[in-house]
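Trainee: Please take me through a close look at one charged part of the surface. Then show me how the rest fits around that part.

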Amino acid sequence: IRNQTSIMEFIVLGFGNVPELQILLFLLFLVIYIMTMAGNILIVAIVVADHHLHTPMYFFLGNLSCLETCYTSTVLPRMLANNRGISYMGCVAQMYFLLFLGIYECFLLAAMAYDRYVAICNPLRYRLIMNRRVCLFLTVLSWFWGNVVSLVQTAWVFTLPFCGSNQINYFFCDIPPLIKLSCIDIPLYEMQLFTAAMLVIFTPFSLIVVSYTFIISTILKMASAEGRHKAFFTCSSHLFVVTLYYGSCGLIYLRPKSIHLLDTNKVLALIYTTITPTLNSFIYSLRNKEVKEALRRLLGDRMKRKNIFS
């Protein structure tokens with residue numbers, strides 16, 4: 001049994017095991033961060049400014065884009081600063097916000113799937129069912145569960161006794177690498193982590209699967225080929241994000257012995273903390289005709305106002 005030690009600071013190793021790639025990684029993460037912030041902030045601005053996009057679908061999309069900017073900002077700025085030292089309370093705060101935003105996204109993606117289910121399977125009652133109160137309720141519920149689970153899990157991890165090394169073989173404070181630093185029976189806590197992950201990841205994912213089962217069944221029954229294509233196209237962006245996000249999270253938290261596979265987990269964690277937020281803005285803007293038209297309208301109005309006052 002290792003002796004318990006009092007840790008005041010953690011050292012986040014990140015990708016320090018490949019020093020020859022540090023400059024390349026810095027440039028890569030800088031570009032990713034700029035693209036993520038610019039893309040998602042642009043989507044939020046368009047959704048807020050254009051009244052044509054004041055619909056449930058774009059309400060959830062605006063929330064997702066806000067979430068992604070916060071999510072990425074909890075990880076990438078520290079990586080770019082190359083500041084490996086993080087205080088004990090700083091590690092607590094980073095874990096809380098990452099878990100909160102990650103769980104919030106899990107449930108928000110489920111809410112977006114339900115929105116698509118109502119739009120395609122019950123279009124005549126869509127506006128009645130997906131009214132402002134329902135949209136707000138689903139968003140607040142997603143926020144609530146993210147907050148509750150994050151508080152419980154963060155408190156659980158930081159009540160564990162830590163032994164010996166304070167070096168975290170990861171690029172942010174997460175549950176698996178911190179459990180590995182603790183003086184506890186790892187298999188027992190692996191089971192606890194797996195159980196919690198099953199509830200948090202599998203519950204909203206199962207709701208998404210059920211929603212898309214009904215959606216696909218309804219689409220296949222459509223007589224018009226154009227209608228089927230439009231419906232599939234509407235859902236394809238959301239399905240791609242769900243696959244990428246849940247796939248990478250599931251491989252980390254729902255895989256046996258994942259605590260011992262930190263090098264592999266680092267690559268998977270990059271997908272849902274940096275790659276997915278970047279792709280979201282492109283998927284929902286470049287492939288979305290309504291968002292592109294809204295951007296043209298905003299730019300056109302701005303040019304008109306400029307010409308009037310010039």
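Mentor: Start with K230. K230 counts as exposed because its relative accessibility is 61%, and exposed means over 50% (buried is under 20%, partly exposed in between; 1.4 Å probe, protein chains only). Keep in mind that this is a predicted model, where local features need pLDDT of at least 70, side-chain atom pairs count only at pLDDT 80 or more, and totals for chains, interfaces and linings use all residues. Residues are numbered from 1 along each chain as its sequence is written, and side-chain values use heavy atoms, with hydrogens and water left out.

K230 has company. On the surface, K230, K289, K292 and R296 gather in a patch of positive charge. Patch members have over 30% relative accessible area and no salt bridge; like charges are joined within 9 Å, nonpolar side chains within 5 Å. A salt bridge puts a side-chain nitrogen of Lys or Arg within 4 Å of a carboxyl oxygen of Asp or Glu. K230 sits in helix α9, residues 225-253. Helix α11, residues 289-309, gives the patch its largest share, three residues.

Now the other kind of patch. M191, F194, M198, F202, F205 and V209 form a nonpolar one on the surface. Together they have about 510 Å² of accessible area. One of them, F205, lies in helix α8, residues 186-220. F205 is partly exposed, at 32% relative accessible area.

Step back to the whole chain. It has eleven helices and three strands; these are DSSP runs, with helices (H or I) of at least four residues and strands (E) of at least two. From the N terminus, the order is β-α-α-α-β-α-α-α-β-α-α-α-α-α. Of the 310 residues, 47% are buried.

Strand β1, residues 9-12, shows an alternation. F10 and V12 point to one face and are buried, while E9 and I11 point to the other and are not. In a regular strand, side chains alternate between the two faces of the sheet. β1 runs antiparallel to β2, residues 85-87, with three bridges; pairing takes at least two DSSP bridges. F10 stands opposite I86 in β2. β1 also joins β3, residues 167-168, through two bridges, and these strands run parallel. There V12 stands opposite I168.

Last, helix α1, residues 22-49, holds L25. L25 is buried, at 18% relative accessible area. Its C-alpha is 9.5 Å from that of M79, with their positions 54 residues apart in sequence.

How values were computed: Areas by Shrake-Rupley, 256 points an atom, 1.4 Å probe, with all protein chains shown as cover. Lys, Arg positive; Asp, Glu negative; His and termini not counted. Charge placed at Lys NZ, Arg CZ, Asp CG, Glu CD.
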